[in-house]
Amino acid sequence: MARVNAEKLGTEPISQLLIKQSVPASIGILVMSINILVDTIFVGNWIGPIAIAAINVVLPVSFFIAALGMAIGIGGASVISRALGADLKEKALKTFGNQISITLLITLSTMALGLIFMNTLIPAFGGKGDIFEPAKIYYRIVVIGVPILALTMMGNSVIRAEGKPKFSMIAMIIPSIGNLIMDYLFINVFDWGMMGAAWATTGSYILCLLYIIYFFMSSKSELKLRYQDLGFDANILKEIASLGFVTMARQAVVSLIYLILNNILFKLGGENSVTVYAIISRMLMFALFPVLGVTQGFLPIAGYNYGANKSERVRESINKAILYAAGLGLLVFGLIMFFAPEIASVFTQDADILEKTPSAMRWVFAAIPIIALQLIGSAYFQAIGKAKPAFFLTLSRQGFCFIPLILILPKFYGEFGVWISFPLADILSTIITAFFLNREIKKNLLNKKSTVS
């Protein structure tokens, strides 16, 4: 039955597939994003605005370690999707086993280093002044649980590669609901403060991992873990690494951006400016859920059909994914422009933060309608196994465009220079991606013979 489901990626109408793949992914991301938002609201109202800033300081470090699992998951998922499309079942199984082994080896080692250098990392990422102590409490507990999160992210990517978006959605919903319940109990009922917020987060990772283990042990998955597949295969590891490095680099850049922005904003406006950015970064995670859902839904479709040599279906999936994601991005843009003050007031009642946040949020989201092309374009190269263009385009937005802008513009325009950097980076990276994607389509998809569906 699982094999039939995978084969549908190469036979069902693209529009139907995109909806089937994207809606569960979007719902999963939505629930996860709501969890992050509500978690921030709980922390802001039950502990205080400094606690929001403290969590924002810890995020880069935990994101970086967790991103190792995400990178291995997405890199391996690309290999698995194309292997299933080409009917190479043994390669898919070996890839899955190697993903588990390398995730455990790397994340446990990195977690140990993260704990050893805790007192150096927290101030480096902006955890200074009143932010340091609550950040330290949160950091210690969350970093211990991050290897578990890395395994869940790896496993979830593989579930999507099998063409099982509903199970992937459930895997994202379970920790989100669990975290909210534990937040209420640990922070509001037991009054554990930052320690409660941290244990709620770590506990939610454990719930997610238990569900993913259940999925792969059940008849719902065709990728059964075999002892012999855990042994490292150099060729498979190289393929996983080349594609996973794209995701790893992106998440590393995200962590670097948190480091830079938290320090720049602390210098420009103190703890309150760091809190403003923390609120906006949560909204970025939340508001983009439908666009990111389409991107996640697009990946296995493009990868499977590319592996099956169905270029017309690949081309159609690119066009429709961009169209759907752009329409959803336009809707998000309108909501943010109209309701920015109301959104800010949900997180805190601090007058200074409420004054600064709406204008900053509108600038950050100003170019959101056009980033669909950038996200789908960079994801396409990763889906088909072309690591170099995938790496370049994935980093073009946040790395090559955004970081230089935030290092230069605040020197001339203060905090406004920080916020205007977001839409400028979106515009520049979209132009770059459009050029490379158009060239790829003309060269490898337009006149290439497809296998008949």
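Start with helix 11 and helix 13 selected: helix 11 passes helix 13 in a right-handed crossing, where right-handed means that the near helix is turned clockwise from the far one by less than a right angle, and left-handed that it is turned anticlockwise. The model is a predicted one, in which local features need pLDDT of at least 70 and side-chain atom pairs count only at pLDDT 80 or more, while totals for chains, interfaces and linings use all residues. Residues are numbered from 1 along each chain as its sequence is written, and side-chain values use heavy atoms, with hydrogens and water left out.

**Helix 11 with helix 13**

Helices here are DSSP runs (H or I, at least four residues), numbered from the N terminus. Helix 13 covers residues 371–383, and its axis comes within 8 Å of that of helix 11, the two crossing at roughly 150°. Axes are lines fitted to C-alpha atoms over the stretch in contact, and angles run from 0 to 180 degrees between N-to-C directions. Helix 11 and helix 13 are therefore roughly antiparallel, the term for angles over 145 degrees.

Now show side chains. On helix 11, pick Val-314, Ile-318, Ala-321, Ile-322, Ala-325 and Ala-326; on helix 13, the residues they meet are Ala-372, Leu-373, Ile-376 and Tyr-380. Contact means heavy atoms within 4.5 Å. The residues of this contact divide into ten nonpolar, no polar and no charged. In this scheme Ala, Val, Leu, Ile, Met, Phe, Trp, Tyr, Cys and Pro count as nonpolar, Asp, Glu, Lys and Arg as charged, and the others, Gly among them, as polar.

**Helix 11 with helix 15**

Keep helix 11 and add helix 15. These two pack at an angle of about 160°, with their axes 11 Å apart, and are therefore roughly antiparallel to each other. The crossing of helix 11 with helix 15 is left-handed. Select Ser-311, Val-314, Arg-315, Ile-318 and Ile-322 in helix 11, which meet Leu-437, Ile-441 and Leu-445 in helix 15. By class, this contact has six nonpolar residues, one polar and one charged.

Helix 15 spans residues 415–445, and Glu-415 lies in it. Glu-415 counts as buried at 18% relative accessibility; buried means under 20% relative accessible area, exposed over 50%, and partly exposed in between (1.4 Å probe, protein chains only). Leaving aside residues up to four places away in sequence, Glu-415 touches Leu-265, Leu-268, Gly-269, Ser-273 and Lys-356.

**Helix 11 with helix 12**

Next, show residues 311–347 (helix 11) and residues 351–364 (helix 12), which pack at about 150° with their axes 9 Å apart. Helix 11 and helix 12 are therefore roughly antiparallel, and their crossing is right-handed. From helix 11 the contact takes Ile-336, Met-337, Ala-340, Pro-341, Ile-343, Ala-344 and Ser-345; from helix 12 it takes Leu-354, Thr-357, Pro-358, Met-361 and Arg-362. Nine of the residues in this contact of helix 11 with helix 12 are nonpolar, two polar and one charged.

**Ile-52 and Ile-213**

Move to helix 3 (residues 49–85) and select Ile-52. Ile-52 is buried, at 1% relative accessibility. Measure from its C-alpha atom to that of Ile-279: the separation is 8.0 Å, although the two are 227 residues apart along the chain. Not counting residues up to four places away in sequence, Ile-52 touches Thr-40, Val-43, Gly-44, Thr-275, Ala-278, Arg-282 and Phe-347.

Ile-213 is in helix 8, residues 194–217. At 41% relative accessibility, Ile-213 counts as partly exposed. The C-alpha atoms of Ile-213 and Gly-155 are separated by 8.5 Å, with their positions 58 residues apart along the chain.

**Aromatic rings**

Finally, display the aromatic side chains. Rings of Phe, Tyr and Trp (its six-membered ring) pair if their centres lie within 6.5 Å; planes under 30 degrees apart count as stacked, over 60 as edge-to-face and the rest as tilted. By this rule there are 16 aromatic pairs. Phe-215 and Phe-216 have ring centres 5.1 Å apart and planes at 80°, so the pair is edge-to-face. Phe-215 is buried, with a relative accessible area of 0%, and Phe-216 also counts as buried, at 10%. Select Phe-412 and Tyr-413 for a tilted pair, 6.5 Å centre to centre with 55° between the planes. Phe-412 is exposed at 63% relative accessibility, and Tyr-413 is exposed at 52%. End on the cluster that ring pairs make of Phe-96, Phe-167, Phe-215 and Phe-216.

Key
Parallel < 35°, antiparallel > 145°, perpendicular 65-115°, else oblique.
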